[in-house]
Amino acid sequence: MRVTSLSSSVRDATPQTLGRQTFAVTLQGSYGNMKRRIAELIERNPSVVVENVKLRRVLPSGDLQGEIVFSQLQAPGGEGAPGNR
């Protein structure tokens with residue numbers, strides 16, 4: 001499995017809302033490998049939320065290209081907040 005692109009953005013927490021670091025990653029590989037990696041990410045990081053998954057077949061290799069958007073939520077002023085890293 002290969003990472004073909006990665007981008008991220010940050011929205012800081014406020015007293016009323018959770019902070020969020022959002023990642024958009026494009027992977028290329030088999031369905032099984034992508035599914036396993038997403039499952040591992042969620043199991044290891046309970047504050048991660050998968051927001052969107054798009055899959056399409058890449059010809060002629062037969063591999064899949066997956067666009068996955070996930071976010072890590074951050075409590076206001078809590079561990080992982082931009083001022084507390």
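Which elements each supply at least two residues of the lining of the largest pocket? I noted strand 2 (19–29), helix 1 (31–44) and strand 4 (64–74).

**Basis.** I worked on a predicted model, in which local features need pLDDT of at least 70, side-chain atom pairs count only at pLDDT 80 or more, and totals for chains, interfaces and linings use all residues. I kept the numbering from 1 along each chain as its sequence is written, with side-chain values on heavy atoms and with hydrogens and water left out.

**Fold.** I read the pattern β-β-α-β-β along the sequence, with 1 helix and 4 strands (DSSP runs, H or I of at least four residues for helices and E of at least two for strands, numbered from the N terminus).

**Pocket.** I looked up the largest pocket (an open set of points on a 1 Å grid over the protein atoms alone, where a 1.4 Å probe fits, with protein on both sides within 12 Å along at least five of seven lines), and its volume, the space filled by probe spheres set on the points, is about 170 Å³. Its lining residues (an atom within 4 Å of a point) are Met1, Val25, Leu27, Arg37, Ile38, Leu41, Val50, Ile68 and Phe70. Helix 1 gives the largest share, 3 residues, and by class I found 8 nonpolar, no polar and 1 charged residues in the lining.

**Burial.** I noted that 24% of the 85 residues are buried (under 20% relative accessible area, 1.4 Å probe, protein chains only). Tyr31, in helix 1, counts as partly exposed because its relative accessibility is 46%, between the 20% and 50% limits.

Note on methods
Ala, Val, Leu, Ile, Met, Phe, Trp, Tyr, Cys and Pro count as nonpolar, Asp, Glu, Lys and Arg as charged, and the others, Gly among them, as polar.
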